[in-house]
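Visitor: Can you pull this one up and walk me through it?
Guide: Here it is.
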Amino acid sequence: MIYARVAGTGSYLPGAPVTNDDLVARGIDTSDAWIQERTGIRSRHLASPEVTSSQLAQEASLRALEAAACTPNDIDLVIVATSTPDYIFPSTATLLQARLGMSNGAPAFDVQAVCAGFAFAIATAEKFIRSGSHKRALVVGAEVFSRILDWNDRGTCVLFGDGAGAVVLEASERPGILATALHADGAQNQILCVPGQISRGQVTGDPFLRMDGQAVFKFAVKVLSDVAKEVAELGGVPLDAVDWLIPHQANIRIIQATGKRLGVAPERVIATVGAHGNTSAASIPLALDAAVRDGRIRRGQKVILEGIGGGFAWGALLLEY
Ligand code: ACO
């Protein structure tokens, strides 16, 4: 039996933290108290204008490659999850491949499932590895979400941040990913979207993130609970035997409500949203890398990762680290 096993993780956050008070100082009509009470967010990182998703991805990837003790040309599959690509095309994955100096012709492509992107990307890589066609995948979530925020909309601009996280997955006889579950419901596409496009050299429609916060909240808690149960059952591991839950890092209240519905104690739930904000596809690998590097997640432990985002799309993975 071939498993896809996490060989190394890495992450990168651009620049210094931007606190809630810094946003107030920049003229946003909000307060540290409001943001912390409703979301748990204390600060986030915002990339400077010239920094792109592929650059953040490169930094995170170099750290993951180092942790996995391999070189870029040892990678035979590159998947990047992003909703804020450098260009319309080529893909951010191919730009990353060039930045890493890869010359082995490995396939590289992007996955677009917004904040569920990393779950979709890693589940995709797992299928390649389990099939035997590929041996070592670099899977990255990278975002510059600050570029698609309407800084005049205080209901959304305070929620998000920029960053990247990466995982090297490799074929192994030892257990790694035990189960995956992915879902989408296109009927919910309007509750979280960037409903614009570039056409004939002009932006048409609305190029900023729009969200019905309360609808997103309710939907997220329900499906994050359901999909965690689903993946635990598929993997044959009861939820009380799961060591760590890493939900998408959108809002501490969504994270806590999900943990409560699942009966997972708060000390077994990894939460980095306070320091990162919502970094969309980067949020899960950023949280995973933080918990691996600070020693909470150890080899042999069972971990559930779960994402949800615009589409709506959601998914989860159960893995033995
Ligand atoms: N600072 C101060 N006041 C604010 C701010 C702000 N940043 N934003 C909104 N308000 C005000 C509103 O104007 C409103 O004022 P009013 O009562 O005078 O009209 C009041 O706060 C309440 O606004 P609501 O939008 O009803 O606030 P709510 O309690 O729903 O909280 C929030 C908003 C935090 C966005 C909440 O709905 C939520 O957490 N939703 C989940 C959405 C989420 O996390 N999305 C992330 C992306 S989705 C994903 O990643 C899956």
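Visitor: How far is an oxygen atom of the ligand from an N or O atom in the side chain of Asn251?
Guide: That distance is 2.5 Å. A polar contact here is a pair of N or O atoms within 3.5 Å. This is a predicted model, where local features need pLDDT of at least 70, side-chain atom pairs count only at pLDDT 80 or more, and totals for chains, interfaces and linings use all residues. Residues are numbered from 1 along each chain as its sequence is written, and side-chain values use heavy atoms, with hydrogens and water left out.
Visitor: What distance does Asn278 give?
Guide: An N or O atom in the Asn278 side chain is 2.9 Å from an oxygen atom of the ligand. The protein covers 73% of the 1000 Å² of accessible area (Shrake-Rupley method, 1.4 Å probe) that the ligand has on its own.
Visitor: How many residues surround the ligand?
Guide: 22 residues do, counting those with a heavy atom within 4 Å; Thr30 and Arg38 are among the closest.
Visitor: Switching to the sheet: in what order do the strands run?
Guide: The order is 1-7-6-4-5, in an open sheet of five strands with mixed pairing. Strands are DSSP E runs of at least two residues, helices H or I runs of at least four, both numbered from the N terminus, and two strands pair if DSSP finds at least two bridges between them.
Visitor: Which are the edge strands?
Guide: Strand 1 (3–12) and strand 5 (108–111), each pairing on one side only. Four bridges join strand 5 to strand 4 (residues 77–81), and the two run parallel. Val78 is opposite Ala108 in strand 5.

Key:
A polar contact is a pair of N or O atoms within 3.5 Å; within protein, one must be able to donate a hydrogen and the other to accept it, and residues adjacent in sequence count only if both atoms are side-chain atoms.
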